[in-house]
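Trainee: I've got the model open and a pile of questions. Mind if we go through it together?

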Amino acid sequence: MSETESLSELPLNKNNTTKSFSSEIPIEIEIVSEEEMALLEAALALASVPANASAICSPLRSFHGKARSIQSITVLSKRTFSGHTEPDIEDSGNFASTQKKNKNNESFLHRFRKKKGLSVTDITSTEWCEKQMEFVLLHAKRRTNKAMKTGSARHAKLEEEVVKKVKVQVKSKEDIWALKFLNFIIGANQLLFEGLTRELPIIGFAEGVWMVGVIDEIRIPATETDRNPILVDTKTRVRDTLPAEPQRRNGRLQLMCYKYIWDNLVADNFPSQKFFDFFTLSPYSILSEELRERTADSGFPADTLDDIVRLFRNTCSILPPAHDQLLLRYEFQKDNSLLGEDHFAFDSDWLKNQIHGCLEFWLGEREACYTPEEERWKCRFCQFASICPTNNGLDSTPSPTNTGPDSTPHKHELE
């Protein structure tokens, strides 16, 4: 196999013969616990998909009051929230040099995300701790552990309930992007016809930047009157308690980002030429023969990436906006039992403020912020706490009530 060739995987819909495509992409992570934080690190470290492979400040940390008042946490009777003031989570450490970055070629967005766009994982990781994010970008690789692998396996199993993957050969970056769009097209069709799809790759242009991600699960409500898809994310935990507010806030931010991207797509806010230009893609180059055969077999014949993008936009045009109510599910990793569900409302103003604060960091408009004082407990679980200036004199030993790990390695966010 030549250097420009690679094998990617595509899923087959288990309920019919329609074939769907997806490349094997690094798993994105949610932040819900000790291992999960390390998990998050792993996801960020793997955030790139090569073309040949399938100051203390707290910017807008608190959840907007209106959304919080609407939000509700449903806990099963056998489980309860932890009453501890310090949550059980290990935040992966990302401290980096505090050198100033300019808005041009030195910005983190230009240096590290020029070829793949900003992932939703990037946004949630930045919200968690900007210094941690900075360190990951400049130096660190994340550690993996048993709990992370268990969480990843759980997500893979959930996906396998809906699709079965087969391998397909890709030969160019145009092929790789074509696979991502095809996976969306087939997943969207599965959603419309069956009412459920999982691990749906998504890409959109929002707030002036390209954003990518993988939505855990999308459901169509069973009612006749409400057909707006509900976005769902499942997070696994090693401890049988629900996470603390900063973790839940981070999960809400993740799902709100997905809804924001989704709603932009269905409103036909996808500038195709900007997409081709930003990712330096040739829209009219011929896709690999195997990929063209697969698309034809799946009912979406296409010869070029431009053909696929047109199909993608047509598919988006028939989809309704996502439901304003979003759902976070928390499972106990030991037996996959449900710990609780967090139902909350989409808050556009809060989300945009969070994204804008994140982009200030990524565009080099300011230096990275440290974790705010009230959330400095995160540092006890941070891989790089010992070298972070904000942690001088900090007792790095976790409190006995908060040593339990939690885990949820998550998605392969197209990064």
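Mentor: Sure. Helices and strands here are DSSP runs, at least four residues for a helix and at least two for a strand, numbered from the N terminus. Keep in mind that this is a predicted model.

Trainee: Let's begin with His323. Which loop is it in?

Mentor: Look for the α11 helix, residues 305-317, and the β10 strand, residues 325-332. His323 belongs to the loop between α11 and β10.

Trainee: Is His323 buried or exposed?

Mentor: Anything under 20% relative accessible area counts as buried. His323 comes out at 18%, so the call is buried.

Trainee: What does the side chain of His323 reach, and which side chain does it join in a polar contact?

Mentor: One link goes to the backbone nitrogen of Gln325, at 2.9 Å. Setting aside residues up to four places away in sequence, His323 also touches Asn228, Pro229, Ile230 and Lys259, among others. The side-chain polar contact is 2.8 Å, and its partner is Asp226.

Trainee: On to the strands. How many bridges join β10 to β11?

Mentor: On one side, β10 pairs in parallel with β8, residues 230-237, through six bridges; Val232 is matched there with Leu327. With β11, residues 338-345, the pairing is antiparallel, and Gln325 has Ala345 as its bridge partner. The bridge count between β10 and β11 is seven.

Trainee: Which residue in the hairpin of β10 and β11 takes a positive phi?

Mentor: Five residues lie between the two strands of that hairpin. The one with a phi near 60 degrees is Asn336.

Trainee: Why is β10 described as largely enclosed by the rest of the structure?

Mentor: Count how many of its residues are buried. β10 has eight residues, and it is largely enclosed because the buried ones number seven.

Trainee: Now the aromatics. What kind of pair do Trp128 and Trp377 form?

Mentor: The whole structure has 22 aromatic pairs. In this one the ring centres are 6.1 Å apart and the planes sit at 80 degrees. Planes over 60 degrees apart count as edge-to-face, so with 80 degrees between them Trp128 and Trp377 are edge-to-face.

Trainee: How many residues apart are Trp128 and Trp377?

Mentor: Trp128 is in helix α4, residues 120-128, while Trp377 is in the segment after α12. Trp128 is buried at 0% relative accessibility, and Trp377 is buried at 8%. Along the chain, their separation is 249 residues.

Trainee: And the rings of Phe181 and Phe312, how is that pair classed?

Mentor: Their centres are 4.6 Å apart, with 55 degrees between the planes. Phe181 is in α7 and Phe312 in α11, 131 residues apart, and both are buried. The angle of 55 degrees is why the pair is classed as tilted.

Trainee: Which helix gives the most to the largest nonpolar core?

Mentor: That core has 75 residues, and Trp177, Phe181 and Ile203 are among those with the most contacts inside it. The top contribution is 11 residues, and it comes from α7.

Trainee: Last one: which Lys lies over the face of Trp177?

Mentor: Trp177 is part of a cluster linked by ring pairs, which also includes Phe278. Over the ring of Phe278 sits the charged end of Lys114, 4.6 Å from the centre. Over Trp177, at 4.2 Å from the ring centre, it's Lys180.

Conventions:
Residues are numbered from 1 along each chain as its sequence is written. This is a predicted model: local features need pLDDT of at least 70, side-chain atom pairs count only at pLDDT 80 or more; totals for chains, interfaces and linings use all residues. Side-chain values use heavy atoms; hydrogens and water are left out. Buried means under 20% relative accessible area, exposed over 50%, partly exposed in between (1.4 Å probe, protein chains only). A polar contact is a pair of N or O atoms within 3.5 Å; within protein, one must be able to donate a hydrogen and the other to accept it, and residues adjacent in sequence count only if both atoms are side-chain atoms. Contact means heavy atoms within 4.5 Å. Rings of Phe, Tyr and Trp (its six-membered ring) pair if their centres lie within 6.5 Å; planes under 30 degrees apart count as stacked, over 60 as edge-to-face and the rest as tilted. A charge sits over a ring if NZ of Lys or CZ of Arg is within 6 Å of the ring centre and within 35 degrees of the ring normal. A nonpolar core is a set of buried Ala, Val, Leu, Ile, Met, Phe, Trp, Tyr and Cys residues joined through side-chain atoms within 4.5 Å. Two strands pair if DSSP finds at least two bridges between them.
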